[in-house]
Amino acid sequence: IAVMGKEYRNIVMVEQTTVVPDYASSTGSQNVLISYWVAKGIGMVKSVGYYSFGSKPLTVELVETNLEQ
């Protein structure tokens, strides 16, 4: 997987479904799917969450590390 212009190998992809409050309704909740990419010897390099309150998915990417694969 490529993250911030760097290629990572030996990747495991994990998906998590969780329930969070629905901000459009003060009494409701929504299921959220969050995908994580974890590189051997590095840890999490990227995650993407799909929430209904935003027009785009929430993405988190590793910016810098001194670890090497």
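In which strand is the place of Leu 58? Leu 58 lies in strand E6, as the third view below shows again.

The model is predicted, so that local features need pLDDT of at least 70 and side-chain atom pairs count only at pLDDT 80 or more, while totals for chains, interfaces and linings use all residues. Residues are numbered from 1 along each chain as its sequence is written, and side-chain values use heavy atoms, with hydrogens and water left out.

**View 1. The open sheet of 4 strands, in the order E3-E4-E5-E6.** Pairing in this sheet is antiparallel; strands (E, at least two residues) are DSSP runs numbered from the N terminus, and two strands pair if DSSP finds at least two bridges between them. Strand E3 (11-21) and strand E6 (58-61) are the edge strands, each pairing on one side only. From one strand to the next, the twist averages 15°, with axes taken as lines fitted to C-alpha atoms and angles running from 0 to 180 degrees between N-to-C directions. Strand E4 (residues 29-39) and strand E5 (residues 43-50) are joined by 7 bridges. Leu 33 stands opposite Tyr 50 in E5.

**View 2. Lys 46 and Ser 47 in strand E5.** Lys 46 counts as buried because its relative accessibility is 18%, and Ser 47 counts as buried at 8%; buried means under 20% relative accessible area, exposed over 50%, and partly exposed in between (1.4 Å probe, protein chains only). Neighbours within four places in sequence left aside, Lys 46 is in contact (heavy atoms within 4.5 Å) with Ile 1, Val 3, Ser 35, Tyr 36, Trp 37, Thr 59, Val 60 and Glu 61. Between Lys 46 and Thr 59 there are 7.3 Å in space, C-alpha to C-alpha, although the two are 13 residues apart in sequence. On the same basis of excluded neighbours, the contacts of Ser 47 include Ser 35, Tyr 36, Trp 37, Leu 58, Thr 59 and Val 60.

**View 3. Leu 58 of strand E6.** Leu 58 has a relative accessible area of 49% and is therefore partly exposed.

**View 4. Two residues with positive phi, Met 4 and Asn 10.** Met 4 is placed in the loop between strand E1 (2-3) and strand E2 (6-7), and Asn 10 in the loop between E2 and E3. For Met 4, phi is near 55°, a positive value in a residue other than glycine; phi of Asn 10 is likewise near 55°. Met 4 is exposed because its relative accessible area is 54%, and Asn 10 is exposed with a relative accessible area of 54%.
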